[in-house]
Amino acid sequence: MAQEKTKKKKKIRSYPILVLSVFYAGIFAVMLIYISAYSYNNRQVLMDNSYNTRQQILLNQNSRGRILSRDGDVLAYSEAGADGKEKRVYPYGKEFAHAVGYSTNGKAGIEALANYYLINTSIDLSEKVALDTKGSKYPGDMCITTLDTKLQEVAYNALSARNGAIVVSNPKTGEILAMVSKPDFDPGTIQEEWDSLIADKSPDAKLLNRVTQGLYPPGSTFKIVTSLAYIKEHPQDYNNYRFTCSGRFSYDGESISCYHGENHGSVDFIKSFAQSCNSSYANIGLSISRDVFSDTLEQLMFNQELPIDLLYSKSSASIDDATSTGDVMQLSIGQGATAVSPMHLNMITCAIADEGQLMKPYIISGIKSEDGKNVKIYSPENYKRLMTAYEADVLKAMMKEVVESGTASKLKGLSYTAAGKTGSAEFTNSTSDSHAWFTGFAPADDPEICVTIIVENAGSGGSFAVPIAKRIFDAYFGVE
């Protein structure tokens, strides 16, 4: 009887231990499953971590893969140097510097985005065996980009010795066709020049990709945003707007002048936009409900994350009940504290071109093994609607008028039609210091290509940025 009681007590004592053992075993199993799933789903991010020594192990076994343009031109490849060490070669030198990037002293551009695939290989086992018998490395996978060699060269040469940025994209797919940023660097010699590049304290910042990381006052290109806010508030009667411009507008003790004090006379809403009348737009901005203006900024992704994988800077623009009259006037014409990247402005322009819908921008179209097998294919992806189709159509018509009767008339009367908006963005207190902007698309009614340009300290957008846009459009449509 005593023995049965002792056994019963032991069972009672061991039961909690058993429960705890099962509980902790369950927690361990869940953690193991979670870590395994996380590692698999984030294998690319984990591999690209600079502390992961697995990268060097793979590079000892595989040669870093090639990077190709959409046309099949080689933009980057690896070869053995005289010392037997592998060296990265960039056949186009500075032309693709910021887009393709570099893979030594850290990584940037496509070299960073595609790193996981470039250092891995997907060739057949039989080819690996053949290479093993020769004592050769396996070739890393190839990265096929969306970049168009011809458009990239035209954009690069058109910017010439000027500092600035150009991005060319397909609004219907989100493909980035060209990306130029100046000043630039030679990715083939970046290791030798690294110390001087990072020590440079001048405003040049050659390693900065001005397309995605550069922040500029948008100037009159921001009138696209102000116009959208006004259309939202006046969807049916925006055409009833009238204003008389004397070259200067004053309200509540604050004043705004038109570019170089130009007097535009009597203007309606569309003419205000086409002639880029600062006075009229300061008046328009003050008439818009602050809530509507703020909601429009939010819809257009200001002060937010952008849907792009390259390193970028957030654009900034804000308005609320505490915003002063002067700041509202400055915001309305894209000055003051407002700052935007060329890539962000290009996204807004693409949405207008594509009936209000923004496609996610992308620069890599696919990954292939060196023997031609598809490893990964990137397809066009809807991001979100930035405006209604009606609003996009109104803005498109206004941008067509900029070419027909406004500041982008150098694009008028060509074999193709174009639409856009120019800007002359002042960046100091002097009206003579301004960046030249253009953003637009062609053909105007069924856009295939979208171009956004900023030329630093160049002056008028119509004089300096529009001719560059024309060269890019001409190249795309095959105009000699």
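Which residues are buried in α8? In this predicted model, the buried residues of that helix are Thr149, Leu151, Gln152, Val154, Ala155, Tyr156, Ala158 and Leu159, where buried means under 20% relative accessible area. Helix α8 spans residues 149–159, and because eight of its 11 residues are buried, the helix is largely enclosed by the rest of the structure.

The surroundings of these buried residues can be named as well, for they pack against the strands β7 (164–169), β8 (176–182) and β19 (449–455), and also against the helix α17 (461–477). At the N-terminal end of α8, Asp148 serves as a cap, with a side-chain oxygen that lies 3.0 Å from the backbone nitrogen of Lys150. After the helix comes Ser160, and the phi of this residue is positive, near 55°.

A second place to look is the pair of strands β10 (residues 248–251) and β11 (residues 254–257), which run in the antiparallel sense and are joined over four bridges. Within this pairing, Phe249 stands opposite Ile256 in β11. The two strands form a hairpin with two residues between them, and Asp252, in the turn, has a positive phi of about 55°.

These two regions belong to a protein with 17 helices and 19 strands, in which buried residues make up 49% of the 480 residues. Of the contacts with a separation of 6 or more, 68% are between residues 24 or more positions apart. The accessible surface of the protein comes to about 22,400 Å², and carbon and sulfur atoms account for 51% of that surface.

Note on methods. Residues numbered from 1 in each chain as written. Predicted model: local features only at pLDDT ≥ 70, side-chain atom pairs only at ≥ 80, totals over all residues. Heavy atoms only, no water. Pairing = 2+ DSSP bridges. Buried < 20%, exposed > 50% of the residue type's maximum accessible area, 1.4 Å probe, protein only. Contact = heavy atoms within 4.5 Å. Areas by Shrake-Rupley, 256 points an atom, 1.4 Å probe, with all protein chains shown as cover. Polar contact = N/O pair within 3.5 Å; in protein donor to acceptor, adjacent residues only side chain to side chain.
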